[in-house]
Amino acid sequence: FRRVLFRSLPQDFTTFFSTLIIPGTECKIKIPDGVGCFITNIALDQEDLPAEGKVFVNVSVNGSETVTVVPFTIGKFESTFTDLRFCSNDSVVFSLKGAKVKVHLCGYLTNGMSVDVDNGYEEKPLVPVPEEENKKN
């Protein structure tokens, strides 16, 4: 094992990125200065998926008019490849209309390690924290 430290990221550096859009909540993504964000796949969450319905994935960039980028049909069209490219300093807002189903976004970042995401979702710990431990904090 050898640790490699970079003073700056290599020119062609990319890192995986994913987040959730929660029904009834906007998913706000702020792209930092110098970073590119590419959404390459959008998919319906399979947990609690109704038997039928439609889910419309919408996006607005830097306060622009909201547009629908994916019109999913449950049971027929539930995931898709995309080529959505967002630039340095963009403010991107994803929202949903239709059936109450969570939606996964994934892709990659260039020249950066992270973006700021506010989607109203609190992740559950991978390992449950015992009640006694939770009360100590």
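**Exercise 1. Which residue in β8 is the bridge partner of isoleucine 21?**

Before the solution, two remarks on conventions are in order. The model is predicted, so that local features need pLDDT of at least 70 and side-chain atom pairs count only at pLDDT 80 or more, while totals for chains, interfaces and linings use all residues. Residues are numbered from 1 along each chain as its sequence is written, and side-chain values use heavy atoms, with hydrogens and water left out.

Solution. Begin with the elements: strands are DSSP runs (E, at least two residues) numbered from the N terminus, and two strands pair if DSSP finds at least two bridges between them. Strand β1, residues 14–21, pairs with strand β8, residues 103–110, in the antiparallel sense over eight bridges. Within this pairing, the partner of isoleucine 21 in β8 is valine 103. Strand β8 also pairs with β3, residues 36–44, again antiparallel and over eight bridges, and there isoleucine 42 stands opposite leucine 105.

**Exercise 2. Describe the aromatic pair formed by phenylalanine 38 and tyrosine 108, and place both residues in their strands.**

Solution. Rings of Phe, Tyr and Trp (its six-membered ring) pair if their centres lie within 6.5 Å, and planes under 30 degrees apart count as stacked, over 60 as edge-to-face and the rest as tilted. By this rule there are three aromatic pairs. Phenylalanine 38 and tyrosine 108 form a stacked pair, with 4.8 Å from centre to centre and 10 degrees between the planes. Because phenylalanine 38 lies in strand β3 and tyrosine 108 in strand β8, the pair ties together parts that are 70 residues apart in sequence. For accessibility, buried means under 20% relative accessible area, exposed over 50%, and partly exposed in between (1.4 Å probe, protein chains only). Phenylalanine 38 is buried at 16%, whereas tyrosine 108 is partly exposed at 31%.

**Exercise 3. Which strands form the edges of the open sheet, and how does β4 join β5?**

Solution. Five strands make up the open sheet, in the order β5-β4-β7-β2-β9, with antiparallel pairing. The edge strands are β5 (67–73) and β9, each of which pairs on one side only. Strand β4, residues 54–61, runs antiparallel to β5 and is joined to it by six bridges; valine 55 has phenylalanine 72 as its bridge partner in β5. The relative accessible area of phenylalanine 72 is 0%, so this residue is buried.

**Exercise 4. How many salt bridges does the structure hold, and which residues form them?**

Solution. A salt bridge is a side-chain nitrogen of Lys or Arg within 4 Å of a carboxyl oxygen of Asp or Glu; the structure holds two. In one of them glutamate 26 meets lysine 28, the closest N and O atoms being 3.9 Å apart. Glutamate 26 is partly exposed at 41% relative accessibility, as is lysine 28 at 39%. Arginine 85 and aspartate 83 form a salt bridge at 3.0 Å, N to O. Arginine 85 is exposed at 56%, and aspartate 83 is exposed at 52%.

**Exercise 5. What is the sign of phi at asparagine 89, and where is this residue found?**

Solution. Most residues other than glycine have a negative phi. Asparagine 89 has a positive phi of about 70 degrees although it is not a glycine, and it is found in the loop between β6 (79–86) and β7 (91–98). Asparagine 89 counts as partly exposed, at 40% relative accessibility.

Terms used:
Helices (H or I, at least four residues) and strands (E, at least two) are DSSP runs, numbered from the N terminus.
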